[in-house]
Amino acid sequence: MATNQSIITRNNDKIAIQTGNLYESVSIISKRARQIATKNKEELSNKLSEFVSAVDNLEEVFENREQIEISKFYERMPKPTSIATDEFLEGKVYWRYNDEDVQQ
């Protein structure tokens with residue numbers, strides 16, 4: 001993934017430019033981040049469900065290297081908020097307004 005995992009300073013004007021409102025842009029980014037986080041959580045749960053056993057003993061818990069590697073891979077991934085922010089700034093996020101919200 002091209003997203004940088006480190007903390008970086010964002011230009012508020014660049015974030016606000018697409019919607020005309022910083023808070024609206026942040027709301028869109030947060031909704032997209034929730035979508036990404038949900039998708040990642042489902043993927044991780046599906047991959048880890050293969051390792052579920054009816055009997056848990058300590059030897060199996062400590063020896064399952066593949067399960068540990070999968071977990072570490074997901075821990076090293078960029079955070080959903082970073083991915084969502086980059087997608088928003090690159091114009092890859094689609095959003096629309098409800099007709100009711102626009103009329104108010």
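**An all-helix chain: rings, a buried helix and a pocket**

Tryptophan 95 is partly exposed, at a relative accessible area of 25%. Let's start from that residue and work outwards. One caution before that: this is a predicted model.

What does tryptophan 95 pair with? To set the scene, a search of the whole structure turns up two aromatic pairs. Take phenylalanine 73 and tyrosine 74. Their ring centres are 5.5 Å apart and their planes stand at 90 degrees, so this pair is edge-to-face. Phenylalanine 73 is partly exposed, with 48% relative accessible area. Tyrosine 74 is buried, at 12%. The other pair answers the question: tryptophan 95 partners phenylalanine 88. Here the centres are 5.5 Å apart, the planes make 35 degrees, and the geometry is tilted. Phenylalanine 88 has 1% relative accessibility and counts as buried. Its partner, tryptophan 95, is partly exposed.

Next, the helix that carries phenylalanine 88. That is α5, residues 80-89. Is this helix enclosed or open? Seven of its ten residues are buried, so α5 is largely enclosed by the rest of the structure. The buried set is Ser82, Ile83, Ala84, Thr85, Asp86, Glu87 and Phe88. Note that Asp86 and Glu87 are in there. What do these buried residues pack against? They pack against α1, residues 12-17, and against α2. After α5 comes glycine 91, with a positive phi near 80 degrees.

Now the pocket. The largest one holds about 350 Å³ of space. Its lining counts 13 residues. Nearest the centre are Ile28, Lys31, Tyr94, Trp95 and Arg96. So tryptophan 95 comes back: it pairs with phenylalanine 88, and it lies among the residues nearest the pocket centre. Which helix gives the most to the lining? Helix α2, residues 22-49, with six residues. Helix α2 also packs against the buried residues of α5. By class, the lining has five nonpolar, three polar and five charged residues.

Last, the whole chain. There are six helices and zero strands. Along the sequence the pattern reads α-α-α-α-α-α. The chain has 104 residues, and 22% of them count as buried. Set that beside α5, with seven of ten buried. Exposed area comes to about 8,500 Å², with carbon and sulfur atoms supplying 50% of it. And the contacts? Taking those with a separation of 6 or more, 70% join residues 24 or more positions apart.

To recap: α5 is largely enclosed, α2 gives the most to the pocket lining, and tryptophan 95 lies among the residues nearest the pocket centre.

Technical notes
Residues are numbered from 1 along each chain as its sequence is written. This is a predicted model: local features need pLDDT of at least 70, side-chain atom pairs count only at pLDDT 80 or more; totals for chains, interfaces and linings use all residues. Side-chain values use heavy atoms; hydrogens and water are left out. On a 1 Å grid over the protein atoms alone, a cavity is a set of points where a 1.4 Å probe fits but cannot get out, and a pocket is an open set with protein on both sides within 12 Å along at least five of seven lines; lining residues have an atom within 4 Å of a point. Grid points are joined across faces, edges and corners, and a volume is the space filled by probe spheres set on the points. Helices (H or I, at least four residues) and strands (E, at least two) are DSSP runs, numbered from the N terminus. Ala, Val, Leu, Ile, Met, Phe, Trp, Tyr, Cys and Pro count as nonpolar, Asp, Glu, Lys and Arg as charged, and the others, Gly among them, as polar. Buried means under 20% relative accessible area, exposed over 50%, partly exposed in between (1.4 Å probe, protein chains only). Contact means heavy atoms within 4.5 Å. Accessible areas come from the Shrake-Rupley method with a 1.4 Å probe; for residues, only the protein chains shown count as cover. Rings of Phe, Tyr and Trp (its six-membered ring) pair if their centres lie within 6.5 Å; planes under 30 degrees apart count as stacked, over 60 as edge-to-face and the rest as tilted.
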